[in-house]
Amino acid sequence: MPAASAATDDVLILGGGVIGLACAHYLLEAGRSVRILERGVVGAATSFGNCGTITPSHAPPLAAPGVIAKALRWMRQPDAPLYIQPRFDPALARWLLRFAMRCNARDWQESAVAKFALLDHSRREIEALVGRLSLACEFSASGLRYVYRSREALAQALAELPKLHEFGIATRTLDGQGLADAEPALLPGMAGAIEFPGDAQFRPDAFTRELARSLRARGAVIEEGIAVTGFDATKGRIDSVGTAQGRFRARDVVAAFGPWSPAMLRELRLRLPIQPGKGYSITWSRPTIAPRMPMVLRERSVCVTAWAGGFRLGSTMEFSGYDASLNRTRLAALERAAREYLREPAGPERREEWFGWRPMTWDDLPLIGRAPAYGNLWLATGHGMMGMSMSAGTGQLLSQLVTGGETPIDPRPYRPQRFA
């Protein structure tokens, strides 16, 4: 294992998930040199089991009017799309209280506008990035469909479309017959769908792998198997970062720890309102009749994506702390949903069962910018379920903040100081 050198790095990025890699790319483009420290394997944690959808359509935040009543009903259902494991957890209780306080029309609108700005910019930048760097990740400007079995649920969703149109989210509506003609992978009898032509997809593992390859080819240093153990800080600056392999020093430090951010930064007295939201996915080989574009089985909140060599079901949100067990009740809910909608709900070969944590903030917006009280520490975390979708936009925004350049979008909604 390489030891830390006596020299000081230019930019040290802590965390080799998709956010850390994207930050590294744009910092390199801005002329900065970069070293990434990853405790495991690059892209193998939160980034790995994602469904690979790139979704400006997902701008509406989780904290919405009426969601608290729905969540309370779901607490009695261990297989519900949103599940909060009953337990004594003061930090979670405080987080849920702040979340509940935002379940109103004004705060919903505020978060949705800011979330869409980052998602929309990032969607365009991801496509440009894939082309510019020739990333072999099966990117497709495919669009995405919300599929409904229930006419009542579809009617309710259609009534809410004007709000999405205000943000600039384009939609197309399909009735039952139109959906059946467009998507033969679905069972007959679906009520219809809402299509989001601005969305896209790629293979998330291939995207992170290819991005890491490109970074190395351009001179970035990526060191795997190096866990951060602590920080030395004086006079509002990070002097060094401790690891089992020695101490690393840098002009600027970017913390991209994802769901582990609160624990990793606690010694710096940074109290980050991030809770781990546990998600699941199952991956099979590709079925004979696979969906033509990604879809969300809306009543069950399950995402379905297919690639040239695979097929994945994913989603669910479980607040159970850092419980590292694979909850088979949650996995079974994914499979049951697929059987309710799809002609072939599984491929011939079951390849992988996965779970991972997403870094959830109560306002559903990430923390991007300089850390409170530290002049050379930058945060890029708290992306919830949107890490893949927000990756390129976050990397570009963070790079411009670090280097003092012109930011592509207004950075104020994502500033870490809003939680200080």
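These legends go with a few close-up views of a predicted model.

**View 1. Glu 125 and the residues around it.** Start with Glu 125, which you'll find in helix α4, residues 105-133. Is this residue buried or exposed? Glu 125 counts as buried because its relative accessible area is 12%, and the cut-off for buried is under 20%. Its side chain makes a polar contact with the side chain of Arg 132, at 3.4 Å. If you skip the neighbours within four places in sequence, Glu 125 touches Tyr 26, Arg 132, Ala 392 and Gln 396.

**View 2. The second largest pocket.** Rolling a probe the size of a water molecule over the atoms shows where empty space is left. Here, the second largest pocket holds about 460 Å³ of space. Its lining takes in 18 residues, and the ones nearest the centre are Ala 91, Leu 272, Pro 273, Ile 274 and Gln 275. Three elements each give two or more residues to this lining: α3 (90-101), α9 (261-265) and β13 (274-284). Which of them gives the most? That's α3, with 4 residues. Sort the lining by class and you get 11 nonpolar, 5 charged and 2 polar residues.

**View 3. Helix α8, end to end.** Helix α8 covers residues 204-217, which makes 14 residues. At 1.5 Å a residue, the helix should span 20 Å, and its end C-alpha atoms are indeed 20 Å apart, so the two values agree. Most of α8 is covered, with 10 of its 14 residues buried. Among those buried residues are Pro 204, Phe 207, Leu 211 and Leu 215. An α-helix has 3.6 residues a turn, so residues three or four places apart point the same way. Look just past the helix and you'll meet Gly 219, with a positive phi of about 105°.

**View 4. Asp 364 and Ala 373, each in a loop.** Asp 364 has a phi near 65°, a positive value in a residue other than glycine. You can spot Asp 364 in the loop between β17 (350-361) and β18 (367-370). Ala 373 isn't a glycine either, but has a positive phi of about 80°. Ala 373 lies in the loop between β18 and β19 (377-381). How do they sit, buried or exposed? Asp 364 is buried, at 10% relative accessibility, whereas Ala 373 is exposed, at 66%.

Definitions and conventions: Residues numbered from 1 in each chain as written. Predicted model: local features only at pLDDT ≥ 70, side-chain atom pairs only at ≥ 80, totals over all residues. Heavy atoms only, no water. Buried < 20%, exposed > 50% of the residue type's maximum accessible area, 1.4 Å probe, protein only. Polar contact = N/O pair within 3.5 Å; in protein donor to acceptor, adjacent residues only side chain to side chain. Contact = heavy atoms within 4.5 Å. 1 Å grid on protein atoms, 1.4 Å probe; cavity = no way out; pocket = protein on both sides within 12 Å on 5 of 7 lines; lining within 4 Å. Points joined across faces, edges and corners; volume = space filled by probe spheres on them. Nonpolar A, V, L, I, M, F, W, Y, C, P; charged D, E, K, R; others polar. Expected span 1.5 Å × (residues − 1).
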